[in-house]
Each structure stands twice: as structure tokens, then as C-alpha cells.
Amino acid sequence: MAPDDMNHMRISDTERDQVAEILREAAGEGRLDLEELDERLSAVYAAKTYADLRPVVADLPAGAAGFGGPAPTGAAPTGGGRGLSPTGRQPLVGGQPLVLKAHGYPVVRKGEWTVPHRVEVDAHFSTARLDFREARLTTPVIEVWLDSSWGSADLILPEGATAEINMDASWFGSIRSDIDSIPRHGTPHFVISGKSQGGTLRVRYKKSGGWSDLFG
């Protein structure tokens, strides 16, 4: 098929995800800032044809190699696919979210662990503690969906990170945050949503000194 004909072919969700993955990696390398990433992702998921997608990655090193046209039938999408997560939400970028469930035990992540674009935590009637300070963040914007209803959750963010919190804390829920909500260039930004009905959520930086250091 001639290149001109190819440009007018309709694209699939798999191919949109391929381009979104290129953008995510470029942002992680510092080639795109958060505003550029948001603008380009919006263009990707609004694209209809190959002609719409190619300009989005034309100035990125991985553009030509990472997106070369239609994926073979049955090929797996880059980043693990764009399937719906257990909450029914589409990921911010592409690929599968990390899903953590208490199952009667505390949910704990600390030290070196890999954080994808989206993390989903079910700590209903339980506890969760996520420490992101030494974690490998794979994207500059991290979406955290959390259910800490009738339980408790503690999120410790890297120093300087920002966080937008939109939680349902009705029925005597409690949310405490020491984190600035306005994104800043060059620092991770967390988008935290979900519910904490009758539960507690704390979002903070790690404080030096005091009793909290004795318990991690």
C-alpha cells in the first residue's frame, strides 16, 4: 500500500497505546514536561488515522522505530494492553495497573518497587502503607485509586512531589495531607482518588526525627 494511502487508514486502540507508551517513556527521560505529555496524550486518544498519530512522535528518537504502522493481527499492545482495570477505569497512559488487595492483611510497599502509571489499592476494613520514596516511578504522573473505607491508609511521597486528592470521605472519614496540590516541573505528581468512608487517609512526606522514624 502506498504511504499516502496508509496515512488515511483508521487506527486501532492498540496503536494508540503504542504511541502513548513512546510518550510516557519520553517524559520519563525528561524529553517532555507534564504539560506537553498531557497535550500529546489528548491528541493520541483523539486521533483517527495514522496521519494524526505520526506528528505526535515525529520529534522523539523512539518515534520512527517505536511506531511504524499497523500491528499484526493478534499482536499484544506495548505496555501490556489497554484493558479495563478492576475499577472499570481506563489507565492514564496504557498498560495494566498494579492492583493490591488486603485480603485481611495489611498492604505494604516500601523500599525499591516499581510503580506503574496507575496503582489500585483495596484496603477496605484493613490498612495500607505505600512508601514511594525509593520506588521506581515509570511515569511523571501517577494515578492512585484507593479504598480505605473503615480502615486506614498512609501514603509517603518523595520529597517535593505534589498530589491532587479527590476522595469520598463521607460517613466520618478523615483525610490529612501535607502535600502541595499544584504540579511542578521536574517533580512527580500523584492523582489520588477513591473513597475513605469511615476510614482515614494520610498523605505526607517522610518527617525526619520523632517516633515515626522508629517504625519506618
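Mentor: A residue counts as buried when its relative accessible area is under 20%, as exposed when that area is over 50%, and as partly exposed in between. The model before us is predicted, and the terms can be applied to it residue by residue.

Trainee: Why does Ser 193 count as buried?

Mentor: Ser 193 has a relative accessibility of 15%; buried requires a value under 20%, so Ser 193 is buried. Ser 193 is found in strand S11. Leaving out residues up to four places away in sequence, it touches Val 144, Trp 145, Leu 146, Asn 166 and Met 167. Ser 193 and Leu 146 are 47 residues apart in sequence, yet their C-alpha atoms are 6.3 Å apart in space.

Trainee: Which residues of the largest nonpolar core touch the most other members?

Mentor: They are Val 121, Leu 157, Phe 190 and Ile 192, in a core of 27 residues. Strands S4, S5, S7, S8, S9, S11 and S12 each supply at least two residues of this core. The largest share, three residues, comes from S7. Another core, of 17 residues, lies apart from it and includes Ile 11, Ala 20, Leu 23 and Ala 47.

Trainee: What makes the aromatic pair of Trp 113 and Phe 132 tilted?

Mentor: A pair of aromatic rings is described by the distance of the centres and the angle of the planes. The centres of Trp 113 and Phe 132 are 5.3 Å apart, with 40° between the planes. The distance is within the 6.5 Å required for a pair, and the angle is neither under 30 degrees, as for stacked, nor over 60, as for edge-to-face; the pair is therefore tilted.

Trainee: Why is the pair of Phe 132 and Phe 190 edge-to-face?

Mentor: Here the centres are 4.9 Å apart and the planes stand at 65°, so the pair is edge-to-face. This pair links Phe 132, in the loop between S5 and S6, with Phe 190 in strand S11, 58 residues apart. Phe 132 has a relative accessible area of 0%, Phe 190 is likewise at 0%, and Trp 113 is at 9%; each value is under 20%, so each residue is buried. Ring pairs link Trp 113, Phe 132 and Phe 190 into a cluster.

Trainee: How do you know that Asp 147 has no salt bridge?

Mentor: The nearest side chain of opposite charge, Lys 195, is 4.1 Å away from Asp 147. A salt bridge requires a nitrogen and an oxygen within 4 Å, so this approach does not qualify. Asp 147 is buried nonetheless, and a polar contact of 2.9 Å joins its side chain to that of Ser 149.

Trainee: What makes Arg 129 and Asp 154 a salt bridge?

Mentor: The closest N and O atoms of Arg 129 and Asp 154 are 3.9 Å apart; this is within 4 Å, so the pair qualifies. The pair links strand S5, which holds Arg 129, with strand S8, which holds Asp 154, 25 residues apart. Both residues are buried.

Trainee: Where do Asp 59 and Arg 40 lie?

Mentor: Asp 59 forms a salt bridge with Arg 40, with the closest N and O atoms 2.9 Å apart. Asp 59 lies in the loop between helix H4 and helix H5 and Arg 40 in helix H3, so the pair ties together parts that are 19 residues apart in sequence. Asp 59, at 53%, is over 50% and therefore exposed, whereas Arg 40, at 17%, is under 20% and therefore buried.

Conventions: Residues are numbered from 1 along each chain as its sequence is written. This is a predicted model: local features need pLDDT of at least 70, side-chain atom pairs count only at pLDDT 80 or more; totals for chains, interfaces and linings use all residues. Side-chain values use heavy atoms; hydrogens and water are left out. A nonpolar core is a set of buried Ala, Val, Leu, Ile, Met, Phe, Trp, Tyr and Cys residues joined through side-chain atoms within 4.5 Å. Buried means under 20% relative accessible area, exposed over 50%, partly exposed in between (1.4 Å probe, protein chains only). Helices (H or I, at least four residues) and strands (E, at least two) are DSSP runs, numbered from the N terminus. Rings of Phe, Tyr and Trp (its six-membered ring) pair if their centres lie within 6.5 Å; planes under 30 degrees apart count as stacked, over 60 as edge-to-face and the rest as tilted. Lys and Arg count as positive and Asp and Glu as negative; His and the chain ends are not counted. A polar contact is a pair of N or O atoms within 3.5 Å; within protein, one must be able to donate a hydrogen and the other to accept it, and residues adjacent in sequence count only if both atoms are side-chain atoms. Contact means heavy atoms within 4.5 Å.
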